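Hello,

Here is the structure I promised to pass on to you. Have a look at it first, and then read on for what turned up when I went through it.

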Amino acid sequence: MSPRLRTAVALAIILLAPSLASCGDSDEPATQTSPASSAEVQLTTAFGSMDKLPGVLRSPPPWSANREQLQARLRAIGLPALTAEGQVVHIHQHLDVFVDGEQVEIPANIGIGRVFISPLHTHEDVPSIIHVESPTETSFSLGQFFAVWGVRLDARCIGSTCIGDGRQLRMWVDGKAVSGDPTRLVLAEHQQIVLAYGTSAQMPEDVPSSYDFEAAGL
Ligand SMILES: [Zn+2]
């Protein structure tokens, strides 16, 4: 790398660093915020097979933020590698995932590369909050979030865990059961999303129906 290029890269990182901070720290007005807890759940087309995505994990949990091939994955799924968090759409969801009765940790920094950020990502303060921050008026699906993460999700499987042998897949949004392929869920403001794979005995007893986003500054 030439000294001039190195300086430019260093400058880019310095300029970028503050914008990669959690949006909860920023003081921009939350113009996109609207209470959506009673809104109808919207479904889009299924994401389809994630098997060909670069670096996709088909392993049991826990799953890392899995960023080694993030840029290639974003290219494959047609999502931008932004240089700053988008501000046109700025919404949040809280995600709980259970596999075989165990809660799965959602890592921080999903979707965040060294000098770029995906419109779908997680931060360090509350990693289980999905941040949707897009420079264009676009809707995103839960399938796209898992594709950014690089954890295989479809109608039958999450990671290496698939339905069958008494195992089932259940999803709840704001405490209401939503059937079908979970990748179809359209992410909307302040959803509390629960995904559970396991036997009926392994399903969560108290399905959280809401999340205190205000306490998280969101
Ligand atoms: Zn955010």
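Which residues does Leu187 touch, not counting residues up to four places away in sequence? Please keep in mind throughout that this is a predicted model. The answer is a list of eight names: Ile91, Gln93, Ile130, Val132, Phe140, Ser141, Leu142 and Phe145. One of these, Phe145, shares a distinction with Leu187: in the largest nonpolar core, which has 45 residues, these two touch the most other members. At least two residues of this core come from each of α2 (70-77), β1 (89-99), β4, α3 (142-149), β7 (168-173) and β9 (191-198). The largest share comes from α3, with 6 residues. As a general background, nonpolar side chains in soluble globular proteins tend to be buried together.

Some context on the whole chain may help. The protein chain has 3 helices and 9 strands, and along the sequence they follow the pattern α-α-β-β-β-β-α-β-β-β-β-β. Of its 218 residues, 37% count as buried. If you take the contacts between residues at least 6 apart in sequence, 73% of them join residues at least 24 apart.

Now to α3, the helix that gives the core its largest share. How many of the residues of α3 are buried? The count is 8 of 8, so α3 is largely enclosed by the rest of the structure. The buried residues are Leu142, Gly143, Gln144, Phe145, Phe146, Ala147, Val148 and Trp149. Their cover includes α2, β3 (120-121), β4 and β9. Just after the helix, Gly150 has a positive phi of about 80 degrees.

The packing of α2 against α3 is worth a look on your screen. The two helices meet at an angle of about 145 degrees, and their axes are 8 Å apart. On the α2 side the contact is made by Arg73, Leu74 and Ile77, and on the α3 side by Gln144, Ala147 and Val148. Sorted by class, this contact has 4 nonpolar, 1 polar and 1 charged residues.

Next, the strands, starting with β1. This strand is mostly covered, with 9 of its 11 residues buried, and it has several partners that you can trace one by one:

- With β4, β1 pairs in the antiparallel sense over 6 bridges, and Gln93 stands opposite Ile130 there.
- With β9, β1 runs parallel, joined by 7 bridges. Here Gln93 has Gln191 as its bridge partner, while His94 stands opposite Gln192.
- With β2 (residues 102-104), β1 runs antiparallel over 3 bridges, and Phe98 stands opposite Gln103.

The hairpin of β1 and β2 has 2 residues between the strands, and Asp100 takes a positive phi near 50 degrees in it. Gln93 is also one to keep in view, as it appears among the residues that Leu187 touches.

What about the other side of the pairing, seen from β9? All of β9 falls in the buried class: 8 of its 8 residues are buried, and the strand is mostly covered. Gln191, Ile193, Leu195 and Tyr197 point one way from the strand, whereas Gln192, Val194, Ala196 and Gly198 point the other way. Besides its parallel pairing with β1, β9 pairs with β7 in the antiparallel sense over 6 bridges. In that pairing, Val173 has Ile193 as its bridge partner.

One last residue deserves a mention. Is Glu133 of strand β4 (residues 129-134) buried or exposed? Glu133 has 22 other C-beta atoms within 10 Å, and the cut-off for a buried residue is 20 or more, so it counts as buried. Leu120 lies 13 residues from Glu133 in sequence, and the two are 6.6 Å apart in space, C-alpha to C-alpha.

If you only have a few minutes, I would begin with Leu187 and Phe145, the two residues that touch the most other members of the largest nonpolar core. From there you can go on to α3, where 8 of the 8 residues are buried, and then to β9, which pairs with both β1 and β7.

Enjoy looking through it, and best wishes.

How values were computed:
Residues are numbered from 1 along each chain as its sequence is written. This is a predicted model: local features need pLDDT of at least 70, side-chain atom pairs count only at pLDDT 80 or more; totals for chains, interfaces and linings use all residues. A residue is buried if 20 or more other C-beta atoms lie within 10 Å of its own, exposed if 12 or fewer, and partly exposed in between; C-beta atoms are placed from the backbone. A nonpolar core is a set of buried Ala, Val, Leu, Ile, Met, Phe, Trp, Tyr and Cys residues joined through C-beta atoms within 7 Å. Helices (H or I, at least four residues) and strands (E, at least two) are DSSP runs, numbered from the N terminus. Two residues are in contact if their C-beta atoms, placed from the backbone, lie within 7 Å. Axes are lines fitted to C-alpha atoms, for helices over the stretch in contact, and angles run from 0 to 180 degrees between N-to-C directions. Ala, Val, Leu, Ile, Met, Phe, Trp, Tyr, Cys and Pro count as nonpolar, Asp, Glu, Lys and Arg as charged, and the others, Gly among them, as polar. Two strands pair if DSSP finds at least two bridges between them.
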